[in-house]
Amino acid sequence: MNGALYMKLMAQQARLQQSDPQRRGIASGFTFIEVLVACSILAVGLSAILTLYASSLKGVALAKSYEEAGIAAQNIMTETLYASYNAPFRHSGKCDTPQGATWRAVGEADVMEKVDKITVTVTFQHGGKTMMVELTTSQISMNMR
């Protein structure tokens with residue numbers, strides 16, 4: 001029985017191989033069209049990834065410029081408060097970072113509240129656009145009359 005079953009299976013396998021050319025070993029591997037489609041899908045995926053990477057680099061550069069401008073504004077605010085200028089006043093200058101940035105410090109006196117409002121603005125260029133960071137604080141007026 002085992003021999004008859006084996007022969008029957010072999011005959012069935014031979015028929016399948018004759019009816020299907022890929023099983024006979026005539027056509028094996030990938031066709032040119034399949035390789036082209038795979039390469040096209042890969043190219044689309046890689047271009048999408050590179051586009052996201054480029055835009056994230058621009059975002060990082062903008063964040064760095066804002067951080068530098070914020071630190072410069074904090075330093076100018078600290079210097080202005082330690083200098084104890086009497087409001088009203090206006091001072092301005094250039095910052096080292098971000099490159100080409102300018103700053104302006106404005107002190108306004110509120111006589112009714114006996115408080116000085118101090119505003120420091122750092123303005124810089126990024127990607128052809130003008131950006132700014134502004135800090136505002138209040139302190140008790142040094143000119144209490």
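**Figure 1. The whole chain, before we zoom in.** Contacts between residues 24 or more positions apart make up 38% of the protein chain's contacts with a separation of 6 or more. Keep in mind that this is a predicted model. The chain has two helices and four strands, and from the N terminus on they run α-α-β-β-β-β. Of the 145 residues in the chain, 19% are buried. The accessible surface comes to about 11300 Å², and carbon and sulfur atoms account for 61% of that area.

**Figure 2. A nonpolar patch with V37 in it.** F32, I33, L36, V37 and I41 together make a nonpolar surface patch of about 530 Å². V37 belongs to helix α2, which covers residues 32–83. Its relative accessibility is 44%, so V37 counts as partly exposed.

**Figure 3. One salt bridge, sitting on helix α2.** If you are hunting for salt bridges, the structure holds one. The side chains of K64 and E68 form the bridge, with 3.7 Å from N to O. Both residues lie in helix α2, four residues apart, or about one turn of the helix. E68 is partly exposed, since its relative accessible area is 22%.

**Figure 4. Two aromatic pairs.** The count of aromatic pairs comes to two. Here are Y66 and F124: their ring centres are 5.4 Å apart and their planes sit at 85 degrees, so this pair is edge-to-face. Y66 is in helix α2 and F124 is in strand β3 (residues 115–126), so the pair links distant parts of the chain, 58 residues apart. The two partners also score differently for exposure: Y66, at 33% relative accessibility, is partly exposed, while F124 is buried with a relative accessible area of 1%. Y85 and F89 form an aromatic pair too, and this one is tilted, with 5.3 Å centre to centre and 45 degrees between the planes. Y85 is partly exposed at 34% relative accessibility, and F89 is buried with a relative accessible area of 10%.

**Figure 5. T80 and what it touches.** T80 is another residue of helix α2. With 6% relative accessibility, T80 counts as buried, because the cut-off for that label is under 20%. Its side chain reaches the backbone oxygen of I76 at 2.7 Å. Leaving out residues up to four places away in sequence, T80 touches Y85, F89, A105 and I118. Two of these names may ring a bell from the previous view: Y85 and F89 are the tilted aromatic pair.

**Figure 6. Q139 on strand β4.** Q139 is found in strand β4, residues 129–140. Is this residue buried or exposed? Q139 is buried, with a relative accessible area of 18%, and that follows because the label applies under 20%. Setting aside residues up to four places away in sequence, Q139 touches L81, V115, D116 and I118. I118 is also on the list of residues that T80 touches. For a C-alpha view of the same spot, take Q139 and K114: they are 25 residues apart in sequence and 8.8 Å apart in space.

**Figure 7. S92 on strand β1.** The place of S92 is in strand β1. At 57% relative accessibility, S92 counts as exposed. Once neighbours within four places in sequence are left aside, S92 is in contact with W103 and R104. S92 and T121 are 29 residues apart in sequence, and their C-alpha atoms are 9.3 Å apart in space.

**Figure 8. A cis peptide bond in a loop.** What kind of peptide bond joins T97 and P98? The bond is cis, with omega at about -10 degrees. P98 is found in the loop between β1 (89–94) and β2 (102–110).

Methods. Residues numbered from 1 in each chain as written. Predicted model: local features only at pLDDT ≥ 70, side-chain atom pairs only at ≥ 80, totals over all residues. Heavy atoms only, no water. Patch = residues over 30% accessible without salt bridge, like charges linked within 9 Å, V, L, I, M, F, W, Y side chains within 5 Å. Areas by Shrake-Rupley, 256 points an atom, 1.4 Å probe, with all protein chains shown as cover. Salt bridge = Lys/Arg side-chain N within 4 Å of Asp/Glu carboxyl O. Buried < 20%, exposed > 50% of the residue type's maximum accessible area, 1.4 Å probe, protein only. Polar contact = N/O pair within 3.5 Å; in protein donor to acceptor, adjacent residues only side chain to side chain. Contact = heavy atoms within 4.5 Å. Phe/Tyr/Trp six-rings, centres within 6.5 Å; stacked < 30°, edge-to-face > 60°.
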